[in-house]
Amino acid sequence: TPPLTQPALLCFGKVPHDPGSRHCFLQIVSYLQAYKEAFASEKVSPPLSEKLYDLLQLDWEQRQEEDTPPVERILLLTRNVLHIPTDPPQEKSVDDDASTHDRVLWALHVSGMDDLPPPLASSSAEQQWGLHVLEIISLMFRDQDPEQLAATGQTRPVKEQATDVRDLELLRQRELAERKSRAFQRGSRHSRFGGSYVVQGLKSIGDRDLVFHKGLHNLKEHSHDLGKELRRVPKRRQPAREPEPRRRSALNVRLFLREFCGDFLESCYNPLMRLVKDQLLREKSQQHDETYYLWAVAFFMAFNRGRHFRPELVSETLGVRTFHFIEQNLTAYYEAMLLDKKDATSWARRMHLALKAYRELLTTVQEMDRSPDEAVRDSSRIIKNNIFYLMEYRELFLALFRKFEESRQPRSFLRDLVETTHLFLKMLEAFCRGRNNLVVQSKRVRRKKQPRAGRAAPPTQPRDPHELEELWPGLAEQLGACAQGAEPLPEDVVPFDAASETPVEEQRAEAMGRIQDSLLGRRAPAALTLLRSAREVWPEQDVFGSPRAAPEEEIQLLKQILFAPLPRPAAPEVEEPGEEEEEEEVEEELASVQVSEREFSFLDYLKRFASASVVKAYVLLLRSYRQNNAHTNHCVAKMLHRIAYDLKMEALLFQLSAFCIFNRLLSDPSAAAYK
């Protein structure tokens, strides 16, 4: 049965694009959804639950070798059934309605199957099933919000009720404003008697003033763009798809899931997370299994905060080591997204999951500061000392903002990034407020290349303009052939070193030098490939040309790079071949990391956020202020206020798109709370 129910993505590797394979893929998904509908029956799960219970009751002395495969098969079958995606258009379910997934969960609950994962997770004799259990639990709660789940069955707080009243009032004001606008636009006379008007100062297509043939109440909405066809956005530049909104499950399902979460936290969260992390560090798991660990950190720590905050229940994932583990994975996903263009969307989803776990860790540390227990507050202070001291944690958000791409990362990732940055800056500012001299770690990387022993220095490259003029016609002919496809381009050219300690932004000058070296070495295909790859990595200010540049423009840009006097590092000293000790002829890169300490200034650190890439991301999120919640809009406004008021860098906001958003927001009667 497990092979028949394994996910379709596991069979195909990814969603196929050709029509024939895609039809087979969708057919398999429809079969799986029919399987899930059948497993929602309360008659299917009891035999599986009884069989698994009988096998787990056997002591390790009585258990035979043939008893292990049935346990694994039952767990895999449960995992596969829970993994089957739902079909919302077919189900047409609403909030508080029982979907197919809810009915499968209820069938597992009635059969007692949901009582077996906690003993499996906490028993030292069943450690081999730890990752299977965590994966099943993550699939059980995939449609649940941890904070809403923790509040299930309780009286709603006054704060939440006030929030709902405020949201309803905003909707009412917006509806009244739209009704008033429609009434104003409705002319008192028939349109045939509206008349024609000459708008002085506004030119038409020619040199004369514009003649307006509609009522004066429509003048404000006039634009020369009316009637024009919208410019088609290429598929690779379209915004990334947002994840489907979560639907609230039926009340009885949420109640038993809430009890399951409480029991899981108290009995086996810490031992299971310790076991899973040990397997991940020892590489005893499969690829990408760390995503289940990251999900569990984000979900159960949020549930613990929403229920009754008890830090001892999540102590295993509440420490500097967990911060370091999540930061490492977040950085690895970030670099993989830049390099693996074809699978960039999957890496962006994993990066979003790691960011949620990182935000939950920061939120839990902030919650510890409010604890009445002094020991908990001391622990929080120690954690903040470590994460604010190390450079990696302070640079993380800047790197994520620099490389945010709307075509690969959804708007929900940007929203979580903005809220996490707001929380980090708020905690850092409060941490610096009571200290006169805060010392932090600073790193500086210096790299030098060790030449091969006995190797002569490279010949001096031609720099004379006459030599370059003689070199260029042959290069232009090669580049023209490459642009027309007559000559193949190399595929193994990478414009930057992802493993390097040097930031990606600082490697831009090195990439420019590598392009010039390729041209000087008469390697025109490599130079053209480097130029196009560098344009994707550094699209800012069109340094490597416009993304829509024609082949002729690329050839002219390469000519400018060839003739440009680019700065060059000093050539390394070369060993003479007559030395006593002979070394291997291997050219290796020696990197020296200089670690030092310096006094930290919060305003100096804040200035690093005053850049065009960061402001662009914030303005992009502010554009959808109506869809954002109040906290997200507050985080955006706070950062813009820091830049314009605290840093006196209001010129960064002098952008027409930002002014249009401000104007729309100030004229919106339902946006009084944001003005």
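Helices (H or I, at least four residues) and strands (E, at least two) are DSSP runs, numbered from the N terminus. This is a predicted model, where local features need pLDDT of at least 70, side-chain atom pairs count only at pLDDT 80 or more, and totals for chains, interfaces and linings use all residues. Residues are numbered from 1 along each chain as its sequence is written, and side-chain values use heavy atoms, with hydrogens and water left out.

Q: How many helices and strands does the chain have?
A: The chain runs to 675 residues, and 40% of them are buried (under 20% relative accessible area, 1.4 Å probe, protein chains only). As for its elements, the count is 26 helices and four strands.

Q: What span should helix α12 have, at 1.5 Å a residue?
A: Helix α12 covers residues 269–281, which makes 13 residues. The expected span is 1.5 Å times one less than the number of residues. The end C-alpha atoms sit 18 Å apart, which agrees with the expected 18 Å.

Q: Which helices are among those covering the buried residues of α12?
A: The buried residues of α12 include Y269, L272 and L280. Their cover includes α7 (117–122), α8 (130–140), α11 (251–267), α13 (290–306) and α14 (320–339).

Q: Is Y31 buried, partly exposed or exposed?
A: Y31 belongs to helix α2 (residues 19–39). Partly exposed lies between the buried limit of 20% and the exposed limit of 50%. Y31 has 45% relative accessibility, so this residue counts as partly exposed.

How values were computed: Contact means heavy atoms within 4.5 Å.
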